[in-house]
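Have a look at the sequence and the 3D structure below. We'll take a short walk through a pocket, a cavity and a few buried residues.

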Amino acid sequence: MKTSRRQSVQVNAGSMADIAFLLLIFFLVTAVIPKDDIGINRKLPAPCPKNADCGGEIHHRNTLEVKINSKNELLVENKITSIDELKEITKLFLDNNGDKSCDYCNGLKDKKSSDSPQKAVVSLTNDKLTSYEFYIKVQDELTKAYYELRNEYSETILKKSSNKLTKEELQKVREAYPFILSEAELKN
């Protein structure tokens with residue numbers, strides 16, 4: 001009498017990892033990335049050169065303090081301000097020409113405000129509970145102020161539309177109104 005040993009049937013699971021990997025790749029490639037995601041397109045400043053003094057004192061008059069609290073209220077120089085006023089306040093601050101060193105500035109030449117666009121710093125401070133949407137609106141208004149001043153400079157000084165500038169002219173415009181923004185989070 002013959003006794004036969006039956007072996008149990010086994011499934012080869014070696015290719016299961018390959019299939020899972022292929023499915024993962026498929027879903028990653030075909031996934032839709034939402035286009036309504038908003039963000040800030042900014043180029044970070046270059047690091048400070050080793051021999052340069054980049055941590056110098058900034059006089060208070062050369063700093064425009066913009067604060068956003070947890071209730072999305074905007075305070076500019078500790079005064080509650082609407083978002084609609086922020087761009088004009090920023091433009092007046094940047095273009096002030098307090099030390100009269102700027103020959104292209106059209107500001108009020110107020111000795112209590114910024115000396116020149118190169119020395120003017122916008123300090124933006126926000127609370128942890130500030131909404132992202134309001135923060136982006138504030139950033140947009142600050143950016144608009146810089147771009148409007150740069151556009152005025154290109155049209156009055158360079159006699160060209162800002163979208164027709166060469167790289168050298170564009171660099172000159174950026175040097176005339178450098179985007180100097182300091183950001184921090186409010187401390188309780």
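Strand β1 (63-68) and helix α2 each give at least two residues to the lining of the second largest pocket. Keep in mind that this is a predicted model. Which element supplies the largest share of that lining? That's α2, with 3 residues. The full set of lining residues is H60, R61, T63, L64, E77, I89, L92, F93, K112 and S113. Sort them by class and you get 4 nonpolar, 3 polar and 3 charged residues. The volume of this second largest pocket is about 180 Å³.

Now for a space that is closed off. How many cavities of 30 Å³ or more does the structure hold? There is 1. The largest cavity has a volume of about 50 Å³. Around it you'll find D95, Y104, N106, L149, E152, Y153, T156, I157 and Y177. In this lining, 5 residues are nonpolar, 2 are polar and 2 are charged.

Back to helix α2, which spans residues 83-94 and holds T90. K91 is in α2 too. Are these two buried or exposed? T90 counts as buried because its relative accessible area is 0%, and the cut-off for buried is under 20%. K91 is also buried, because its value of 11% falls under that cut-off.

So what is around them? Leaving out residues up to four places away in sequence, T90 touches L64, V122, L142 and A145. One of these, L64, also turned up in the lining of the second largest pocket. T90 has a polar partner as well: a polar atom of its side chain lies 2.8 Å from the backbone oxygen of L86. For K91, with the sequence neighbours left out in the same way, the contacts are A145, E148, L149 and E152. You've already met L149 and E152 in the lining of the largest cavity. A145 is on the contact list of T90 and on that of K91.

Next, move along to the loop between α3 and α4, where L158 sits. L158 is buried, because its relative accessibility of 17% is under 20%. Beyond residues up to four places away in sequence, L158 touches Y153, L165, E169, K172 and V173. L158 and L170 are 12 residues apart along the chain, and their C-alpha atoms are separated by 10.0 Å.

Here are the three buried residues side by side:

| Residue | Relative accessible area |
|---|---|
| T90 | 0% |
| K91 | 11% |
| L158 | 17% |

Two of the contacts of L158, E169 and V173, bring us to helix α4. Which residues are buried in α4, the helix of residues 167-176? They are E169, V173 and A176. These residues are on the same side of α4 because they cover an arc of only 60 degrees around the axis. On the other side of α4, K167 and E168 are exposed. And what covers the buried residues of α4? The cover includes α3 (132-156).

To find all this in the 3D view, you could start with T90 in α2, go on to L158 in the loop between α3 and α4, and finish with the buried residues E169, V173 and A176 in α4.

Terms used:
Residues are numbered from 1 along each chain as its sequence is written. This is a predicted model: local features need pLDDT of at least 70, side-chain atom pairs count only at pLDDT 80 or more; totals for chains, interfaces and linings use all residues. Side-chain values use heavy atoms; hydrogens and water are left out. Buried means under 20% relative accessible area, exposed over 50%, partly exposed in between (1.4 Å probe, protein chains only). Helices (H or I, at least four residues) and strands (E, at least two) are DSSP runs, numbered from the N terminus. The arc is that of the directions from the helix axis to the C-beta atoms. Contact means heavy atoms within 4.5 Å. A polar contact is a pair of N or O atoms within 3.5 Å; within protein, one must be able to donate a hydrogen and the other to accept it, and residues adjacent in sequence count only if both atoms are side-chain atoms. On a 1 Å grid over the protein atoms alone, a cavity is a set of points where a 1.4 Å probe fits but cannot get out, and a pocket is an open set with protein on both sides within 12 Å along at least five of seven lines; lining residues have an atom within 4 Å of a point. Grid points are joined across faces, edges and corners, and a volume is the space filled by probe spheres set on the points. Ala, Val, Leu, Ile, Met, Phe, Trp, Tyr, Cys and Pro count as nonpolar, Asp, Glu, Lys and Arg as charged, and the others, Gly among them, as polar.
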